[in-house]
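Trainee: Could we go through this model together, beginning with how its contacts are spread along the sequence?

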Amino acid sequence: MSTNMENERVELLQGTLDMLILRTLLMGPAHGHQIAKHLQRTTDDVLQVEHGSLYPALHRLERKGWIAAKWEAPKDQKREFKYYRLTPAGRKQLAAEESKWARMAKAIASVMWPVEES
Amino acid sequence: MFDRRKREEELERELRNHLDLEAEEHGGDTWAARRALGNVGRIQEETRESWGYRWLDRLAQDLRYGVRVLAKNRSFAAVAIVTAALGMGANTAIFSVIDAVLLHPLPYRDADRLVSPVAVRSDGPLQENVADYQYAAWRDEAKVFDGVAAYSVLRYTVTGAGDPEELRVGIVTPGFLRLLGVSPAMGRDLTAADAAPRGGTVALISHALWTRRFQADPAILSRGLTMQGKPYTIAGVLPRGFEFPENLDVNVLVAMTEPEAQERSVVYFYRSLARLKPGVPVSRAVSDVAVIDQRLREANPRKLWARTDLVGLHDRLVGNVRPALVVLAGAVALVLLIVCVNISNLLLARALARQKEIAVRIALGAGRARVFRQLMTEGLLLALAGGIGGLAVAVAGVRLLRAIAPEGVPHIDNAHVGGVVLAFNFAIAVGAGILFGLAPLRSASRLDPETALKQASRSASGARQHRRLEGLLVVAETAFALMLLAGAGLLLRTFAGLTAIAPGFQPENVVTARVSLPYWKYKTPDRQRAFVDELLARTAGGPGVEAAGAVAVLPYGGWMLKGQLRVEGRPPEASGADEADVSINYTAGDYFRAMGVRVIEGRAIDPSDTAGRPPVAVINQALANRYFPGRSPIGARVQLERMPRVEVVGVIANVKQGGLASEAGMEMFQAAPQLKGFGAATSIAVRSTADPRVVLPWLRAQITAMDHDLPPAEVETMRQRMAALMNTQVFVMRLLLLFAGIAIALAAIGIYSVLAYSVERRTHEIGIRMALGARRGHIVGMVVGRGFLLASAGAALGIIGSLAVTRYLKSLLYGVTPHDPVTLAAGCAVVVAVALVAAYLPARKAVDQDAAATLRAE
């Protein structure tokens, strides 16, 4: 998908990938591919998350202790996947990032679309 | 590392899973899946970075690169590693000796609480013996001690099964082993029931004696031991590695009765040991003992008493070798510093040659830190390789040190490469590695990639700072070399001084033998005298023998009986300490002629002074000066306590009994045949023109032939006896000379390589100068001049350094001060001369090159 660049697609802002991953895991444990698909689907393919950049990010988050990983097989399968889940520290981090992001989005919006008093 | 491999595998599995699932979505199109995922190699690389192993990867890379660089410069690497190995090996070897001798605790329980009482007189050396009642008072009254013990060491002759031999026997109070915290490995400890006033007949034997003489017989406790012709029972065997708290090989312990506190007419003197109670500082114990001493002094006002000091047992046993070892440690450290400087210099030169490479790497975005790390890694690599080589050098070095060390260095046989010593070796390798890297690092840190790259291929003038650094290193190593040379020079002069001391006799061609005649076989002085007379008679016919005689105590022969001298017609002097300081010696046969003692006035005692003739004496100059100042003592009648009255017939030169450099004491000789009731003079001196290699075994054979039961006599030349007195100085001198030699060779190599390199860099410039008509002499002068300048600066610094450190040599020196200007000047001369030679070679090379060819070389 990164080969045919489409104009509507936007590059992920620096540092937001971590937040998106944490947010995704809030819904429950998932492995790398599931996270990638989820991000892709929920943003209607607008956000260009290169799957490859997901893994360094996952390992970085694991090292920071925000997520934990475990090899597990889904119920009806033999194959084991590396499932990531949110840790309490990760939840806290997510909340912090979220509020930061909200403030920033609001600030940007107020510059871009000033509310005209009528 | 395992952890890491597991992570790698897991990451691979994780990515494979992803690819598989993605491919399923794309209907089995694995290529589409790969495109979606991106560059797997890069993902792995980036993920790895998040693991924090990055530094390890970098280190591996640096190491690989370093090995490649060194492999490409084999001769450079070889020189660097070999010199580093020598430097570190020497340090490790000396350290292993220091570890064994100075740092290891003594093999006793809580050995740091053991102290030795010593008597300190304001005017004299330490006296380690204490009076029996003084010891007993400490034992009964001192509250600072957990216990005290007294002992003395005697030589006993062991006979019975096996060859007769002389062993050192410790006569100890029954609590001796308990005080040390040692118990026998077999059998039982000595008790009060085993004790007798001069030693009981129940013995503990050493592990060594048990294995050697009794073949480790497990039934040893039922066997006996014959010493001095008396039967002893064996109560037990001491543990292996037990050490008597003296620097002596003591193989048997017997118990003596605890001395009584009551003062008697005969006072015995013993060595003693005390164990401080936990937490009691030495200073408090000293003042406690002083209080007890004071009470004793008041009870016996007639006695002149010295102050008692308590010396840590460890200090007392190793104190005399500490200065020598400290000096050697300092010397090897200097050698290692020089090695570091030299290698640093080589690396610096190479860093300059690689300036462009480094500039390119920095320009291409390599972080400076990364480049520094690379340079450091190379230095460390060299140092570690040197360290490993150094271990081999150290093993050989320890063996050498043990072989050439003077006798009586305690525990030196325990010195080996292992444990702490290995850690030390590793530590100095790392330290040296950092030192190696520093200079090139400094030069690289100044590097501006732009100018470095802009410079023409011949980067001649840009290296001024570099040249200064290089010069500094050469100056430093020259200074270090001079310091070592100064130390070696001072000891050389000490050696020369000691050798040149007029000993008062002529030691050349004199062979001596110390015979010990066991009193249980030679019970009366007459029996002993008969033995000596016969030995002298036999000796007279020996190879090349000119004269033979016997004496009680040979020069430097040890302890002598002392007494008060009374001169007839002169009132006895008021009681004073030095009244008792006349040493009593006696001779038989033609001793004075055999020893070549210089007669100053009158005559010496000779074989004509037999028992029936008027008794005579010969006094030494010190005695003559003290008792007969300004007049001739010949004909004076004198008498020593409990000795017959004798007539002085001669004055002889002083012999410094206490050692080569000691003050001569007063000494009086009498004729042994005229002394009734005194033991025989059993040290033999033989003057012979024959080769000592013939005379020594011949004399030994004569003694054995006369009595097979005698322990082997100590037979050696007088020169050997005297050489033994200088053992420590000679040992330190030899090693310092060796180190100084290495140092000066390294410094010369340093100067040579710096100048050779600078000549090489300036080939072009020199070519132009020569083409323009510069004279050869001028060019040579230019190069040699720089060498001279560097060496002189080094010498100046070295003088300052020497003045600062040679005082540590003080206790080893004789006849020369630590700041001896002649030695320093000679050292400077040697350093500068070597530097000039080292500088001349590259200078020759510079002017010998073909000017036209060098100009074309660019």
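Trainee: Among contacts in chain B between residues at least 6 apart in sequence, what percentage join residues at least 24 apart?

Mentor: This is a predicted model, in which local features need pLDDT of at least 70 and side-chain atom pairs count only at pLDDT 80 or more, while totals for chains, interfaces and linings use all residues. Residues are numbered from 1 along each chain as its sequence is written, and chains are lettered from A and ligands numbered from 1 in the order in which they are written. Two residues are in contact if their C-beta atoms, placed from the backbone, lie within 7 Å, and for chain B the share joining residues at least 24 apart, among contacts at least 6 apart, is 83%.

Trainee: Why is chain B described as more spread out than a compact globule?

Mentor: The secondary structure of chain B comes to 26 helices and 23 strands (DSSP runs, H or I of at least four residues for helices, E of at least two for strands, numbered from the N terminus). The globule rule, 2.2 Å times the number of residues to the power 0.38, is compared with a radius of gyration taken over C-alpha atoms. For 858 residues the rule gives 29 Å, so chain B is more spread out because its radius of gyration, well over that value, is 37 Å.

Trainee: Which helix of chain B supplies the largest share of the side that touches chain A?

Mentor: In this interface, 18 residues of chain B are in contact with 14 residues of chain A. Helices H1 (2-25), H2 (30-37) and H3 (40-51) of chain B each supply at least two residues of that side, and the largest share, seven residues, comes from H1(B).
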